[in-house]
Amino acid sequence: MLQQLSIGAFVPWTPPNGGASLGRTEIKPLDTPVLRSTFDGQKFQVCLVYSKGNSILRPEIFCGGYGRTNYHRRVKKHEILPQNVDLPPVLPKKKKKPFPIPLKKIQEAAREDKKLAQMGIEKHLEPPKNGILIPDLIPVAYEVLDAWKGLISGLAQLLHVVPVHACSECSEIHVAQIGHKIQDCHGTTSGSRRSYHSWIKGSINDVLTPIESYHMYDPYGRRIKHETRFSYDRIPAVVELCIQAGIELPEYPSRRRTEPIRMLGKKVIDIGGYVDEPTPFQPGSPGSQIVELDTYQALERFPPLTEQEVPMVAQATINAYEKVRWGLTKLMRKYSVKACGYCSEVHVGPWGHNAKLCGEFKHQWRDGKHGWQDATVDEVFPPNYVWHVEDPKGPPLKSALKRFYGKVPAVVEVCVQAGAHVPNKYKPMMRVDIVVPEDREAPFVA
């Protein structure tokens, strides 16, 4: 199956101006044996390159295709997940959080708004920035709310089976039969315990970090002041975002506009007037569904599961968790959510409130007011990373081997230990491919 080919004699010529010139000639059988399956039917081109220094014609052979070029052919690349992924760095508490949107873009948008205001041109607002709902996102809001209910109910039932430990001095939690021995406690009395955690029984609020927000009937109406903050209810930020996206709850009504608001620069010149808030239903009234949207006494409301039901509920819970994150990402691209750049306070609406409740870095300079900026999904729905345990009934994790351990969101860790399938995007941060060495072998591992 081999074919003998050789190159014919080249016709010499004198290149003009002493430079390099190219020429073509015929292809005759080569002296070098090549596979027929490799070069059968292909086109060859010989280029003669003239060198001025030694006056030698040097032949070069270029192999082409079958006459069809593949320049515009698209090759589908498979997504390759990395083996190990480090978690996002922990931000220092003595600095302001970075802006999700680059500061230069914020300043450019402010200059454009100011320029239009000086010219007396109203600012063009698209829904929902002008107070009008987006019809395409209303079904997404209902999906998020249903997934939120399923997440609370499923997690409350799994906590009867999967043990969760919480530190009484800091915010660390651990999902295993016993607490770990990693010395990373930063509580007030951690020095006397050599940074070991003081473990107690955890609750659903330790796994699903509660982030609450003020509910406002009209987000574009009067701002919440420090003196009037007790006149507004505090509900989960996920629920408040769904309400402003189009969900109707009798307990928490919301104003639905038919005419857009008008703005000139940063000033609102027409919001359709102030409307008195209707009297909402009481949470304890018949037909109230607000109890299902909160984690209060969730463990008492849902009974334990049987052994056969645990894997099914665990898989449904992790699916609900992913559905909530997916829906929040989609809603927050359009609806405004603000977060404090210093603390964990979140406000759903175009502007933040004026309650003086911030006690973090340099709050005295701000008189306790929050430093509002655009929020991220992790601020509205914190992942709350915990150490991943391969064997929940095995020995506790140790500080000497913590660089070999992985981390994962607390909800995912609870569901995985209950029998749920691990999503592919969490496998790199769980470090499931790493074999944890023994204590005496750890110093010799590269």
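Me: Are the residues of strand β5 buried or exposed on its two faces?
Reply: Happy to start here, keeping in mind that this is a predicted model. On one side of β5 we find V164 and A166, and on the other H165 and C167. Both faces are covered, and these four residues are all buried.

Me: In what order do the strands of this open sheet stand?
Reply: The sheet has 3 strands and is open, with antiparallel pairing. β6 (173–175) and β7 (199–201) each have a single partner strand, so they stand at the edges and one side of each lacks a neighbour in the sheet. Neighbouring strands are turned by 35° against each other on average, direction ignored. The order is β6-β5-β7.

Me: How many bridges pair β5 with β6, and in which sense do they run?
Reply: Let's look at the partners one at a time. V164 has V175 as its bridge partner in β6, and H165 stands opposite H174. A hairpin of 5 residues joins β5 to β6. The two strands pair over 3 bridges, and the sense is antiparallel.

Me: Which residue of β7 stands opposite A166?
Reply: Now we turn to the other partner of β5. β5 and β7 run antiparallel and are joined by 3 bridges. Opposite A166, in β7, stands I200.

Me: Where is S190, and which residues does it touch beyond four places in sequence?
Reply: S190 lies in the loop between β6 and β7. Its relative accessibility is 12%, so S190 counts as buried, the limit being under 20%. Not counting residues up to four places away in sequence, S190 touches C185 and S195.

Me: How far apart in space are S190 and E169, C-alpha to C-alpha?
Reply: Sequence and space are two separate things to check here. Along the sequence, S190 and E169 are 21 residues apart. In space, C-alpha to C-alpha, the distance is 7.8 Å.

Me: Why is helix α9 said to be largely enclosed by the rest of the structure?
Reply: Helix α9 covers residues 410–417, which makes 8 residues to check. The buried ones are A410, V411, V412, E413, V414, C415 and V416. α9 is largely enclosed because the buried residues number 7 of the 8.

Me: Which residue with a positive phi follows α9?
Reply: To find this one, look just past the helix. The phi there is near 115°. The residue is G419.

Me: How do the axes of α7 and α9 lie, roughly parallel or roughly antiparallel?
Reply: Two packed helices are described by the angle between their axes and the distance between the axes. The axes of α7 (residues 310–331) and α9 come within 8 Å and cross at roughly 160°. Angles over 145 degrees count as roughly antiparallel. Therefore α7 lies, relative to α9, roughly antiparallel.

Me: What is the handedness of this crossing, and which residues of α9 meet α7?
Reply: The crossing of α7 and α9 is left-handed. The residues of this contact divide into 6 nonpolar, 1 polar and no charged. From α7 come A314, T317, I318 and Y321, and they meet, in α9, V411, V412 and C415.

Me: Is H370 buried or exposed, and which residues is it in contact with?
Reply: H370 sits in the loop between β13 (346–348) and β14 (372–374). With 9% relative accessibility, H370 counts as buried. Leaving aside neighbours within four places in sequence, H370 is in contact with C340, C343, E345, H353, A355, L357 and C358.

How values were computed
Residues are numbered from 1 along each chain as its sequence is written. This is a predicted model: local features need pLDDT of at least 70, side-chain atom pairs count only at pLDDT 80 or more; totals for chains, interfaces and linings use all residues. Side-chain values use heavy atoms; hydrogens and water are left out. Two strands pair if DSSP finds at least two bridges between them. Axes are lines fitted to C-alpha atoms, for helices over the stretch in contact, and angles run from 0 to 180 degrees between N-to-C directions. Buried means under 20% relative accessible area, exposed over 50%, partly exposed in between (1.4 Å probe, protein chains only). Contact means heavy atoms within 4.5 Å. Angles under 35 degrees count as roughly parallel, over 145 as roughly antiparallel, 65 to 115 as roughly perpendicular and the rest as oblique. A crossing is left-handed if the near helix is turned anticlockwise from the far one by less than a right angle, and right-handed if clockwise. Ala, Val, Leu, Ile, Met, Phe, Trp, Tyr, Cys and Pro count as nonpolar, Asp, Glu, Lys and Arg as charged, and the others, Gly among them, as polar.
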